[in-house]
Amino acid sequence: MADYAEIEAERRQLEAELYRLEGEIEAAIALHEELKEEREYVIDQADMLNTYAHSMGQSVNNDLTSLNKRIENRAVDARDLLQLLRDVSERYFTYKNLSTATKNLTQYTDQYHTRFAFYHELRRIALGCVMAVDTHLISQETTRKQAERAYLANTDYWLSYALMAVMLWWSNEREAAGRAMKRALMMSERKSSLFFLFCNLKFGRKQVALKWYMYYLNAIHADNVGEEFQYLLEAHLSGAFGSDRTLATQVASKINDMVDEITVHNIDFDTEVADAMTRFLATKAHTTDFEFFYLPEYCTQSGDMKSLLSDAEKNVVVAREYQEIAQEPENDRDVKERLEDSIYNLIESMDPQEEQLHRRIRYNELIVAAKGDVHQAEQAYAERYPETGPVGFDGLLKKWAFTEDDPAILPQIRSFAIEKLLSGIRAGAKRFADGYRSREQERYTISVDGWTGTVNENEISIAKANFEAFFKKHSIWEYLKDKFVLIWIGMIVAGILGLVISAVAWLNPTPIVISVLLVLVGAFCLWRQIANLQQVFLIRKRKDLEIIERTLAEMGAWREAYRNADKGLSALMDALDLFTDSGTPVKNTTASQR
């Protein structure tokens with residue numbers, strides 16, 4: 001009975017084990033089917049991937065073939081790419097300077113029109129009121145209200161008091177007009193006296209205008225004429241005094257006397273003018289557009305070459321400016337309109353606060369004109385806008401003649417100054433040309449891959465021959481600079497030393513075998529390395545010769561551009577000839593500017 005129970009228990013255990021094995025077999029079969037499906041999927045994907053890989057490989061092969069042809073055609077190597085990166089870096093900083101200057105220019109211009117909006121409004125009101133006093137275009141009450149409103153908004157400005165004095169005089173309030181007049185003279189004696197001079201002349205009060213003229217003369221000194229004198233000169237040149245022959249004669253006589261006094265008291269004045277013209281041209285914010293690529297990298301004097309070409313191009317630039325000044329349209333306006341223009345020019349003149357902000361605007365404009373060259377712009381700014389004290393008539397003439405894009409100085413003033421200083425200006429222009437011409441060299445030094453030669457653009461074959469001789473002479477040292485060459489030479493030397501030692505002290509053939517193997521392996525490897533280096537050096541030499549040829553070709557293009565620019569001196573002299581005819585009608589541009 002016990003045996004049967006044991007047999008039954010064992011049977012049940014075997015059945016359970018059989019069921020477990022059947023379950024595992026079924027799981028294995030299911031896994032097998034799953035793996036079989038995955039394998040079939042992988043095979044399908046592999047076929048598809050193979051197709052894609054083949055297509056991509058063909059595409060990449062085509063791209064590489066095309067790239068290889070482009071590289072061969074353009075002969076681009078690492079040095080060209082490095083040079084291009086340097087050129088891009090320089091251009092980046094140049095564009096950054098230009099961007100900053102443009103941003104500042106916009107900011108300061110907006111600030112100028114915002115900060116001095118009251119000044120501009122007052123000037124428009126002043127011009128309208130003065131024009132309306134004797135023409136009755138608007139009523140006295142309306143004019144008075146406008147003047148009072150402008151006066152209350154600009155109590156720190158001389159024009160507000162000067163305008164109020166005119167309005168009070170018009171309304172026959174003489175005592176109040178006198179107080180306003182004194183206040184205006186206290187704030188700006190010269191501008192206020194000129195304002196009252198022009199206004200009385202416009203109102204037909206010639207005797208009073210003559211008294212104001214004498215008052216103004218007492219307010220100026222020989223060594224401190226003041227910037228305001230240009231407005232009196234503008235009125236004279238434009239014919240605004242035509243209705244008063246006495247005043248016109250006295251003003252003309254005073255100007256001629258001042259010009260004569262300069263030549264009498266300063267015998268070196270022409271030399272000073274020539275120096276000023278030379279500085280004007282030397283500091284002019286102009287940079288050539290000539291594209292330098294190889295010269296900056298391989299020519300040590302490329303900076304001087306660029307500066308030389310920029311200086312030569314200034315002749316044509318200044319010639320165009322002078323032609324525009326000399327060829328301004330003639331003034332066909334009547335005397336009354338010319339006088340109104342003189343009043344307009346005076347009240348539009350900048351005060352010190354305006355001038356400071358305007359100087360910032362001009363500084364950034366010079367950076368833009370110099371194409372981002374901040375150093376050149378700073379030199380031009382220091383020359384055009386120096387911080388000076390009192391200035392005499394000789395200083396004013398030089399300032400007017402050598403100003404640049406200054407809206408406060410009209411072309412007719414520049415034309416007058418250029419005509420009076422013509423001999424000195426001619427001498428200065430020739431001196432400047434002689435100066436930059438003396439800096440031109442027949443040959444320039446170029447350095448390529450360790451070779452240095454002083455050549456010109458017509459000596460390409462000579463430069464190539466010298467380079468090939470240099471390359472051949474120093475090729476052995478180029479091989480010795482390679483570390484693998486040194487390793488294989490060291491291996492050969494070690495093998496030879498081993499053979500020598502083995503021959504002297506024969507103990508065992510093993511060292512001899514090792515030494516022979518060192519010599520043979522070292523010689524073979526050295527031969528292979530030298531053969532590889534020969535191919536590298538051949539490509540390198542071919543590229544170096546190409547660089548020499550392109551550098552000298554660029555030098556030739558630069559030389560041609562310089563020669564053409566240097567011919568601009570004759571154009572500058574022709575432009576100056578336009579100022580020699582003192583009998584030409586006086587020109588005025590105020591109407592167009594208004």
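Reader: What is the relative accessible area of alanine 377?

Author: This is a predicted model, in which local features need pLDDT of at least 70 and side-chain atom pairs count only at pLDDT 80 or more, while totals for chains, interfaces and linings use all residues. Residues are numbered from 1 along each chain as its sequence is written, and side-chain values use heavy atoms, with hydrogens and water left out. Buried means under 20% relative accessible area, exposed over 50%, and partly exposed in between (1.4 Å probe, protein chains only). Alanine 377 therefore counts as buried, its relative accessible area being 0%.

Reader: Which residues is alanine 377 in contact with, leaving aside its neighbours within four places in sequence?

Author: Alanine 377 belongs to helix 16 (residues 374-384); helices (H or I, at least four residues) and strands (E, at least two) are DSSP runs, numbered from the N terminus. The C-alpha atoms of alanine 377 and glutamate 365 are 8.7 Å apart, with the two positions 12 residues apart in sequence numbering. Contact means heavy atoms within 4.5 Å. With the neighbours within four places set aside, the residues in contact with alanine 377 are Leu366, Ile367 and Ala370.

Reader: What share of the residues in the protein is buried?

Author: The protein contains 25 helices and 2 strands. Of the contacts between residues at least 6 apart in sequence, 78% join residues at least 24 apart. Among the 594 residues of the protein, the buried share is 42%.

Reader: How many of the residues of helix 9 are buried?

Author: Helix 9 spans residues 229-238 and is mostly covered. Its buried residues include Phe229, Tyr231, Leu232 and Glu234. Just after this helix, glycine 239 takes a positive phi of about 80°. The buried count for helix 9 is 9 of its 10 residues.

Reader: Which residue forms a salt bridge with lysine 314?

Author: A salt bridge is a side-chain nitrogen of Lys or Arg within 4 Å of a carboxyl oxygen of Asp or Glu. Lysine 314 lies in helix 13 (residues 302-326), and its partner lies in helix 13 as well, 3 residues away, about one turn of the helix. Both partners are buried, and the N to O distance is 3.1 Å. The partner of lysine 314 is aspartate 311.

Reader: Which backbone oxygen does the side chain of lysine 314 reach at 3.0 Å?

Author: Lysine 314 counts as buried because its relative accessibility is 1%. Not counting residues up to four places away in sequence, lysine 314 touches several residues, among them Leu281, Thr283, His286, Gln376 and Phe432. Its side chain reaches the backbone oxygen of lysine 284 at 3.4 Å. The backbone oxygen reached at 3.0 Å is that of alanine 282.

Reader: Is glutamate 175 buried or exposed?

Author: The side chains of glutamate 175 and arginine 179 meet in a salt bridge (3.4 Å, N to O). Both residues lie in helix 6 (residues 174-187), 4 residues apart, about one turn of the helix. With a relative accessible area of 63%, glutamate 175 is therefore exposed.

Reader: How many salt bridges does the structure hold?

Author: Side chains of opposite charge can pair when their charged atoms come close. One such pair is glutamate 546 with lysine 543, whose closest N and O atoms are 3.6 Å apart; because the two are 3 residues apart in helix 23 (residues 509-566), about one helical turn separates them. Elsewhere, salt bridges that share partners join Glu440, Glu457, Arg559 and Arg563 into one network. The total number of salt bridges in the structure is 16.

Reader: What is the relative accessible area of lysine 543?

Author: Glutamate 546 has a relative accessible area of 19%, so glutamate 546 counts as buried. Lysine 543 is buried too, and its relative accessible area is 7%.

Reader: How many disulfides does the structure hold?

Author: A disulfide is a pair of cysteine sulfur atoms within 2.5 Å. Cysteine 199 counts as buried because its relative accessibility is 1%, and cysteine 299 counts as buried because its value is 4%. The number of disulfides in the structure is 0.

Reader: Which residues make the nonpolar surface patch of about 270 Å²?

Author: Accessible areas come from the Shrake-Rupley method with a 1.4 Å probe, and for residues only the protein chains shown count as cover. Patches are made of residues with over 30% relative accessible area and no salt bridge, like charges being joined within 9 Å and nonpolar side chains (Val, Leu, Ile, Met, Phe, Trp, Tyr) within 5 Å. The protein exposes about 33200 Å², of which carbon and sulfur atoms supply 56%. One patch member lies in helix 1 (residues 2-74), namely isoleucine 25, and the patch is made by Leu21, Ile25 and Ile29.

Technical notes:
A polar contact is a pair of N or O atoms within 3.5 Å; within protein, one must be able to donate a hydrogen and the other to accept it, and residues adjacent in sequence count only if both atoms are side-chain atoms.
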